[in-house]
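Please look over the sequence and the model shown here before reading on. The report that accompanies them deals with strand pairing and with charged side-chain contacts.

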Amino acid sequence: MRLALQSLTTLLTITLLAFSAAAPALAEKLVSAVSSSRVAITSNFTGTQILVYGEIARDAETVSRTGNQDVVVVVEGPLERVTTWRKDRIVGLWINATSQTYIAVPSFYAVHATDDLRNIASEDWLKQYRIGLENLPLAALGTRAPATERKAFKEAFLRDRVQHGLYSQMSKSINFLSPTLFSTTVDLPATIPTGDYKVTTFLFSGGVLLDSQEQVLTVAKIGFEQVTFNLSRQYPAVYGALAIILALFTGWIAGVIFKKD
């Protein structure tokens, strides 16, 4: 009996050692933060920037890796439903003829990386974590259009978002202040949608994800803009009536001021 227990203990020890040897030595730990957790949109808001920074912490007893370490920062806005239209020439007129609707697409999307994404991780990793414009899961809703047409719509959608500053992808845009300290600045345009944003920082080495961290960034209107926005959404009839009264009052004031005797 004692011999059997010793044999079982030895077998379990060998098994645990084998699993330990097979498991990757993920000794690096990522620590990241955002310069501000809230962006306030006022009447004179023309865009702003946020600073994402952090440190790659390493266990003192762990031997340093020989390969490069890459950091990727992804800022993703609230998800929304978007319909993209294509104009066709019909009876001599250019009108919206065909469309494709995408659901659960980020209203804002920015990727900053230390290198070209293709050099950082495999396409499977990038698709799994929605890293990169090409890896966003943009599936049209209920369409039976050919693959070429779906691709054309997707490219047009991404091109439009990039032109309006709502989507961006920048390589070599993360600065290392020391071998372990990094930072990057992400532009937020004046047309940025409101809501809760997700700021995710990834740490890769040798194409393998070592660690990731996530922060929440809130973009919200404040002051008079917030009051009018809430009024228009929650009480549209009252908002419309007040708008008409204000227009009539403004016209009356203008008539009094510029009245000719």
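The paragraphs below take up the strands, then the salt bridges and the accessibility of their partners.

This is a predicted model, in which local features need pLDDT of at least 70 and side-chain atom pairs count only at pLDDT 80 or more, while totals for chains, interfaces and linings use all residues. Residues are numbered from 1 along each chain as its sequence is written, and side-chain values use heavy atoms, with hydrogens and water left out.

**Strand pairing**

Helices (H or I, at least four residues) and strands (E, at least two) are DSSP runs numbered from the N terminus, and two strands pair if DSSP finds at least two bridges between them. Strand E10 (residues 181-188) pairs with strand E3 (residues 48-58) in the antiparallel sense, over eight bridges, and within this pairing Ile-50 stands opposite Val-186 of E10. Strand E10 also runs antiparallel to strand E9 (residues 175-176), to which two bridges join it. Here Phe-176 is found opposite Phe-182 in E10, and the connection from E9 to E10 is a hairpin through four residues.

**Salt bridges**

A salt bridge is taken as a side-chain nitrogen of Lys or Arg within 4 Å of a carboxyl oxygen of Asp or Glu; by a search of the whole structure, seven are found. Three of them are listed here.

| Pair | Closest N and O atoms |
|---|---|
| Arg-130 and Glu-76 | 2.6 Å |
| Glu-80 and Arg-161 | 2.8 Å |
| Arg-86 and Asp-88 | 3.6 Å |

The salt bridge of Arg-130 with Glu-76 links distant parts of the chain, 54 residues apart, since Arg-130 lies in the loop between helix H3 (123-128) and helix H4 (147-163), whereas Glu-76 belongs to strand E4 (residues 69-76). Relative accessible area is described with a 1.4 Å probe and protein chains only, buried meaning under 20%, exposed over 50%, and partly exposed in between. On this scale Arg-130 is partly exposed at 23%, while Glu-76, at 8%, is buried.

In the salt bridge between Glu-80 and Arg-161, Glu-80 lies in strand E5 (residues 79-90) and Arg-161 in helix H4, so the pair ties together parts that are 81 residues apart in sequence. Glu-80 is partly exposed, with a relative accessible area of 28%, whereas Arg-161 counts as buried at 8%.

For the pair of Arg-86 and Asp-88, the relative accessibility is 34% for Arg-86, which counts as partly exposed, and 24% for Asp-88, likewise partly exposed. Together with Glu-149, Arg-86 and Asp-88 are linked in a network of salt bridges.
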